[in-house]
2 protein chains.
Amino acid sequence: MKMQINCTLGLRVSPYLREKDAMTRIDHRTKKLTTALRSAGVRITRQRAALLTILAEADDHPEAVELQRRAEEAVPGISLSTVYRTLTELEAQGVILRHQFEGTPARFEHTETQHHDHMIDVETGEVIEFANDRIEQLQAEIAEAMGYDIVHHRLELYVRKKGAANPDE
Amino acid sequence: MKMQINCTLGLRVSPYLREKDAMTRIDHRTKKLTTALRSAGVRITRQRAALLTILAEADDHPEAVELQRRAEEAVPGISLSTVYRTLTELEAQGVILRHQFEGTPARFEHTETQHHDHMIDVETGEVIEFANDRIEQLQAEIAEAMGYDIVHHRLELYVRKKGAANPDE
DNA sequence: ATTCGTGCAAAACGTTTGCAATAAT
DNA sequence: ATTATTGCAAACGTTTTGCACGAAT
């Protein structure tokens, strides 16, 4: 019996797209997003535009300070409060997801990819994405059987590369 | 095809045991535990004895302040730092587990039951335990296929009772 | 012109730590 | 007697908030 695993390894943009096409695609999506946000009553300031672009381009899961650092070029002096406020707003608008992995500040990713869960390499902190439909289905069945609807869920595998040194310490 | 779900609903003590027997059982386990801890070089103070007992008796997932509150009777004036230090120590000794659910302080439970995951009722904050071997197995297969060993994992379903009011707000 | 968003500083929050006093071994 | 543990207060790291100024609509 063959095991079915859909896995995405942190690649956000299809590899066969050339860099320039990828950028165009991100720009396009970001432009559409800002329009949508504006008509939801959210003012698009330089700070927010910068953060939106950075989040669209990010192929990792940056935390707030890192986002501030990356935004600094486009918006010198951008404050951490603004970063946090913007992230909260974008999360509320469904544009990004906030992940609270163990032992780190919250990390963020935009919501353009389909649903996936995360493996966190406890040695390196690297975040690897994966998806498995069967697990999703089982979760739904469990909740259903117990009389609940799932609002959202969170599955995190804290892992170590096979044969990695320091099993402890 | 019948779905297989093992589920434990926060009941820590078998319901057919009378209250007194349950207490005896907890006392017995706690006594054994303190002995084990002592020979691991951990001094059993009044504070720690109290917390061990409270954790053994708890059929919920209390947080640190709540544990302090419950310990207050046995050890008046017990400090929150002591509670936290004890919890850290007991976690290191494998006696308890620390859960960081969304939007709440860490919550603790002792490690006497077999492994399970958690559903959190987003309306009430109630924590419901469940176990599903198939999901565990799938997780292991995914990690394996990607070349990782699982150190630990975390699966949390944030749920709402079917037909509950206030789907928002 | 009217909001809404910003930066700053300060507070909030849960948790950890340095220390001198105290209790367990 | 020795050493670990305690309570207190102060610090910590992350995140939120009050406020007066500035910018987007």
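In this predicted model, chain B is superposed on chain A by a rotation of 179 degrees with 0.0 Å of shift along its axis, and the RMSD of the fit is 0.1 Å. That is the relation of a two-fold axis. A reader looking for this axis in the structure can start from Leu155(B), whose C-alpha lies 2.2 Å from it and comes closest among the residues of chain B. The interface agrees with this picture: 98% of the interface residues of chain B are also interface residues in chain A, so the copies meet through the same surface.

Chain A can be taken as a guide to the fold. Its 5 helices and 5 strands follow one another along the sequence in the pattern α-α-α-α-β-β-β-β-α-β. Of the 169 residues in chain A, 37% are buried. Among the contacts in chain A that join residues at least 6 apart in sequence, 52% link residues at least 24 apart.

Helix α3 of chain A offers a handy view of how burial is arranged. Within this helix, which spans residues 64-71, the buried residues are Ala64(A), Leu67(A) and Ala71(A). Seen down the axis of α3(A), these buried residues fall within an arc of 60 degrees, so they line one face of the helix. The cover over them includes two helices of chain A, α2 (46-57) and α4 (80-92), together with the strand β2 (107-110).

Empty space in the model comes next. Rolling a probe the size of a water molecule over the atoms shows where such space is left. The largest pocket holds about 650 Å³. Its lining consists of 25 residues, and those nearest its centre are Leu97(A), Arg98(A), His99(A), His152(A) and Glu102(B). Four strands of chain A, namely β1 (96-99), β2, β3 (117-121) and β5 (148-161), are the elements that give two or more residues to this lining. The most comes from β5(A), with 5 residues. By class, the lining of the largest pocket divides into 13 polar, 7 charged and 5 nonpolar residues.

The second largest pocket has a volume of about 520 Å³. Of the 23 residues in its lining, Leu97(B), Arg98(B), His99(B), His152(B) and His153(B) are the closest to its centre. Here the elements that give two or more residues belong to chain B: β1 (96-99), β2 (107-110), β3 (117-121) and β5 (148-161). The strand β5(B) gives the most to this lining, with 6 residues. The classes in the second largest pocket are 11 polar, 7 charged and 5 nonpolar residues.

Enclosed space is a shorter story, with 1 cavity of 30 Å³ or more in the structure. The volume of the largest cavity is about 30 Å³. Leu37(B), Val42(B), Arg48(B), Leu52(B), Thr86(B), Glu89(B) and Leu90(B) line this cavity, and the elements that give two or more residues to the lining are α2 (46-57) and α4 (80-92) of chain B. The helix α4(B) gives the most, with 3 residues. By class, the cavity lining has 4 nonpolar, 2 charged and 1 polar residues.

Terms used
Residues are numbered from 1 along each chain as its sequence is written. Chains are lettered from A and ligands numbered from 1 in the order in which they are written. This is a predicted model: local features need pLDDT of at least 70, side-chain atom pairs count only at pLDDT 80 or more; totals for chains, interfaces and linings use all residues. Side-chain values use heavy atoms; hydrogens and water are left out. Buried means under 20% relative accessible area, exposed over 50%, partly exposed in between (1.4 Å probe, protein chains only). The arc is that of the directions from the helix axis to the C-beta atoms. Contact means heavy atoms within 4.5 Å. On a 1 Å grid over the protein atoms alone, a cavity is a set of points where a 1.4 Å probe fits but cannot get out, and a pocket is an open set with protein on both sides within 12 Å along at least five of seven lines; lining residues have an atom within 4 Å of a point. Grid points are joined across faces, edges and corners, and a volume is the space filled by probe spheres set on the points. Ala, Val, Leu, Ile, Met, Phe, Trp, Tyr, Cys and Pro count as nonpolar, Asp, Glu, Lys and Arg as charged, and the others, Gly among them, as polar. Copies are superposed by least squares on the C-alpha atoms of residues with pLDDT of at least 70 in both.
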